[in-house]
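Let's take a friendly walk through one structure, looking at how some of its helices and strands fit together. Have the 3D view ready as you read.

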Amino acid sequence: MNQGFDLDVLVVGGGPTGLVAAAELLARGVSCRIIDQVPERSDKSRALVVHARTLELMAKMGIADTLVARGRRAMGASLYVERRHAADVQLGDIGAPDTAYPFMLFVSQVETERLLEEHLARLGGQVERPVALVGFRMEGDGQGAQGGGVIADLRHGDGKSETVRARYLVGADGAHSMVRKGAGISFHGAPYPQDFILADIEAEWPPGDRLCIFLSKRGLLAVFPFGSPRFRLIASRTGATAPEAADAGEPTLAEMQAVVEEQCPFPVTLGTPRWLARFHLHHRGVDRYREGRAFVAGDAAHIHSPAGGQGMNTGIQDAYNLAWKLSLVLKGRAPEALLDSYNEERHPIGQQLLRTTDRMFSFTATSHPILLSLRNLALPRIVPVVLRTQQRRAWLFHFLSQLGIHYRWSSLVEEHARQGAARFHDGPRAGDRAPDGALGGGAGEPEKMLLGQLRGQGFHLLLFTGMGAGGSEGAPLSAWAAEVGRALESRTDLVTPVVVLGAAAGPVPPPLTLAGVDEQGLLHRAYGLEGPGCYLVRPDGYIAFRSPGTDLSALTSYLQRLLPVH
């Protein structure tokens, strides 16, 4: 398969984005290497939150439960405005029924990267350090899995040079990405005017394990507990400019202590710092995620404020989106045009992320006198109202957790809305994330979650029988099994047909497998069905196709377009 090539994919960058890309490629049988110019993995924790959508992807990788065990899934938060207590928020379980992870997981990026490296090692890979990409060039037409490639020039830590020929290049190499620069992809945006200081530190902190946010005319202070006595403090210095920040030098413990005393209405004593840094935040994004055989992902494609904890999570989802598409094209199971959908789907998400985080950050960290007064007046009143009911908390959770991201506009997805009298009653549309839900196992088996049955690297065809469970009111399973066999043809290694029964029934005939029994019809209703219907779920958990009823002819046509059989 690699005749004339050293490998299929070269991944540049050993952070979470690159690690997920490399691991998912290896898990799918794609040959790849992952390199990083830094001699060793950082012991500094940058990202602190892993959201539900990312945990769902990690569950497909088989590592979500381990990460949850290493982090904290429940934390209270307190908001202070001008040294006065304004609101309390509970950031633990939200109670959302459509995910197995209804919480924000607070965990150090150090732990996230360690877990991903352990997972990569089990798959036979490792980050090669220190190895830098010093340049590359594309050869051939730049298109097609078999024609053309990328010739990459590498420099090892001992000074040794190496030339590698790969079919594709993935840049997960951060804000100063060599891949992005070498591909000629623009990176538009600007820095925020505020100067920021950060400290990972030991402290005597009265609120203990609560996340605390302090807003005032002097700036913003956010305090994240790592587990007493360790805390992460991030403070903005309103009105500071980039040149002034550059001249200020490294922050001191005394400077951070002064910030805390300015903002906190209670006494706090800071102890030994493990990390002190001064930095500026930028909001920048690329104009495209692909140039020929080179792709960018994560911070190489978008950098922004940490508002909402979106950055690392978005990068991981970039990587997952790209990896399953690359593997299908490299194995000759999908046309090369599938790779264009990476930019089509992820670029709008990246742009939306930049707009959203910019607005959130600009409002909370503003230095404009009028906006400051408005913020200080509005937030103490708005936050309690917005979070008063479970429904509102669930809405906010879906927004922050990225469960609401969809690709309805994508050319990859297809909606077959009507088929005779059959129709959907709302439910997730093609391009939406497939929601989770509880199922009975049948024959007295314990309850289980639907998405827990959809593990692995392939597609899953969800077949809902309707509440007749294969009887007169539902889909006839024996006839459906035969039609599924015809629809899948030689794609059975790529698509697993899974049945959701409306009520307990006899054995499910092959090639169908049983997901579980929806005895109360809750999952049928969540998917907009009373009678039978089908949903094709992509490897990344999004709905590629849906059709009501039992006729699978539209599905057959769709699969021939997406995964043609030659």
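## How two helices cross

Helix α1 passes helix α8 in a right-handed crossing. The model is a predicted one, and in it α1 covers residues 16-27 while α8 covers residues 311-330. Their axes lie 8 Å apart and meet at an angle of about 25 degrees. Angles under 35 degrees count as roughly parallel, so that is the description that fits α1 and α8.

Which residues make the contact between these helices? From α1 come P16, T17, V20, A21, E24 and L25. From α8 come M312, G315, I316, A319, Y320, A323 and L326. Sorted by character, the residues where α1 touches α8 are 10 nonpolar, two polar and one charged.

## A strand with two partners

Now turn to strand β15, which runs over residues 230-237. Seven of its eight residues are buried, so β15 is largely enclosed by the rest of the structure.

On one pairing, β15 joins strand β12 (residues 195-204) in the antiparallel sense, over eight bridges. If you want a spot to click on, E202 stands opposite R230 of β15.

## The hairpin

Strand β14 (residues 219-227) also pairs with β15 in the antiparallel sense, here over six bridges. Look for A222, whose bridge partner in β15 is I234. How many residues separate β14 and β15 in their hairpin? Two residues sit between these strands.

How values were computed: Residues numbered from 1 in each chain as written. Predicted model: local features only at pLDDT ≥ 70, side-chain atom pairs only at ≥ 80, totals over all residues. Heavy atoms only, no water. Axes fitted to C-alpha atoms, helices over the stretch in contact; angles between N-to-C directions. Helix = DSSP H or I, 4+ residues; strand = E, 2+ residues; numbered from the N terminus. Parallel < 35°, antiparallel > 145°, perpendicular 65-115°, else oblique. Left-handed = near helix turned anticlockwise from the far one by under 90°. Contact = heavy atoms within 4.5 Å. Nonpolar A, V, L, I, M, F, W, Y, C, P; charged D, E, K, R; others polar. Buried < 20%, exposed > 50% of the residue type's maximum accessible area, 1.4 Å probe, protein only. Pairing = 2+ DSSP bridges.
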